[in-house]
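Q: I am new to this structure and would like a close look at one part of it. Please pick a charged pair or a binding site, stay with it for a while, and then show me a little of what lies elsewhere.

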Amino acid sequence: MSRIKYKFNTESLSYEKVSNSFKRSLLKGIRHLAVSAIMALILLLAYFAFFDTPSDRNLREENAKMAEDLSAINDSLTSFHKNLQALAGQDNEIYRAIYQLDSIPMKIRNSGFGGADRYQSYSRHEYSDIVIEIQKNLDLINRKLDVQKNSFLEIEKALEEESLRMKCTPAITPIHNDDLIRYGTDYGYRRNPITGFTQFHKGVDHTASFGTPVYASGDGVIEFANYRPNGYGKHVIIDHGVDGLSSLYAHLQSITVREGEHVVRGQLIGRVGSTGLSLGPHLHYEVHVNGQHVSPINYQIKLTSEQYDELLEGAQRNIESKFLAKK
Ligand SMILES: [Zn+2]
């Protein structure tokens with residue numbers, strides 16, 4: 001039941017009914033509602049300004065953990081970088097030094113990547129400093145790894161060259177210790193047993209029985225394998241292909257290799273004889289550097305009989321594997 005309101009009129013001295021339209025009531029209600037909503041909004045904003053919401057708190061904690069993780073990653077990278085630095089030192093002082101390669105200056109190993117601008121593209125935020133630190137560390141590590149990889153490739157090449165040089169250099173007496181009657185040391189001036197004159201002897205004469213095996217003193221290619229009426233009789237010349245080296249085996253009874261054939265150290269190339277200017281069975285052995293004879297004594301490592309046996313077995317395996325590879 002709606003209440004009827006009355007108002008006292010002082011002029012007519014009577015109570016008159018007060019009219020209260022629906023429209024006025026509605027407007028009043030809306031006004032109340034609007035004021036309440038604005039007040040609630042102000043209170044809410046004040047709350048957010050001074051207090052974290054649970055999701056804010058979670059984000060803040062996550063960020064703090066992330067910063068810790070980034071810092072730990074950067075520490076690991078710094079330690080990795082230090083290890084690489086130590087390796088670079090060893091590379092210069094040990095590995096490269098062994099193969100007589102020039103050391104790579106640290107300035108080159110540490111050279112940067114296109115100046116400071118490179119890091120300006122990183123967006124600025126609370127953790128950008130640590131992110132840039134990490135990127136700098138990664139760049140240095142990358143650079144060092146790159147230089148190190150190239151250095152190892154160079155060392156590998158030097159090692160291969162050295163290994164080839166070791167295989168090809170004449171390094172053994174061409175006759176097995178057990179077969180030698182007399183080890184020749186007569187390089188230089190001596191009385192020629194045939195002419196009787198003092199002459200320069202360009203090689204050494206190893207005495208052994210007829211038919212004793214003669215082995216290649218180093219890997220190489222057969223340059224000559226025939227008879228020539230020049231005093232050497234039947235003889236073999238091996239071009240070793242390194243440092244201008246070649247070796248010559250003279251007065252042979254027979255030859256078991258052909259010109260152009262590739263031979264390995266310890267491979268049978270012929271048998272001891274006395275062809276050419278010779279008084280009895282022996283091997284006249286010469287070593288040449290760029291066509292000039294040198295003392296073979298400097299190119300003959302003295303092996304024990306067991307070592308020589310091992311060398312011959314190795315050569316045999318080598319020849320067999322080459323033969324199988326060709327098939
Ligand atoms: Zn001789």
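A: What follows starts at the metal site, moves on through the charged pairs, and ends with one helix and one loop.

First, two notes on reading it. This is a predicted model, in which local features need pLDDT of at least 70, side-chain atom pairs count only at pLDDT 80 or more, and totals for chains, interfaces and linings use all residues. Residues are numbered from 1 along each chain as its sequence is written, and side-chain values use heavy atoms, with hydrogens and water left out.

Let's begin at the zinc ion. Its protein donors are H201 through NE2, D205 through OD, listed twice, and H284 through ND1, lying 2.1 to 2.8 Å from the ion. Donors here are N, O and S atoms within 2.8 Å of the metal (3.2 Å for Na, K and Ca), and sites may look incomplete since water is not among the atoms. Along the sequence, the donor residues follow the spacing H-x3-D-x78-H. The 4 donor atoms subtend angles of 51 to 147° around the zinc ion, which makes the arrangement irregular. For comparison, four donors count as tetrahedral if all angles lie between 85 and 135 degrees; four count as square planar and six as octahedral if opposite donors are over 155 degrees apart and all others between 65 and 115, and anything else is irregular. Both H201 and D205 are buried, a word that stands for under 20% relative accessible area, while exposed means over 50% and partly exposed lies in between (1.4 Å probe, protein chains only).

D205 also leads us to the charged pairs. Together with R182, D186 and R190, D205 is linked in a network of salt bridges. A salt bridge is a side-chain nitrogen of Lys or Arg within 4 Å of a carboxyl oxygen of Asp or Glu. Inside this network, D186 pairs with R190, and their closest N and O atoms are 3.0 Å apart. D186 is buried at 17% relative accessible area, whereas R190, at 22%, counts as partly exposed.

A search of the whole structure finds 8 salt bridges. One of them joins D91 and R109, with 2.8 Å from N to O. D91 lies in helix α2 (residues 54-98) and R109 in helix α3 (residues 106-109), so this pair ties together parts that are 18 residues apart in sequence. Helices (H or I, at least four residues) and strands (E, at least two) are DSSP runs, numbered from the N terminus. Both D91 and R109 are buried.

R96 pairs with E154, the closest N and O atoms being 3.3 Å apart. R96 sits in helix α2 and E154 in helix α4 (residues 128-168), so the pair ties together parts 58 residues apart in sequence. R96 is buried at 3% relative accessible area, and E154 is partly exposed at 37%.

Now for the helix. Helix α5 covers residues 305-326, and its buried residues are S305, Y308, L312 and A315. They cover an arc of only 80° around the axis, which puts them on the same side of α5; the arc is that of the directions from the helix axis to the C-beta atoms. The face turned away from that buried side carries the exposed residues E306, E310, R317, L324 and A325.

Last comes Q120, placed in the loop between α3 and α4. Q120 is exposed, with a relative accessible area of 63%.

Technical notes. The expected span of a helix is 1.5 Å times one less than its number of residues.
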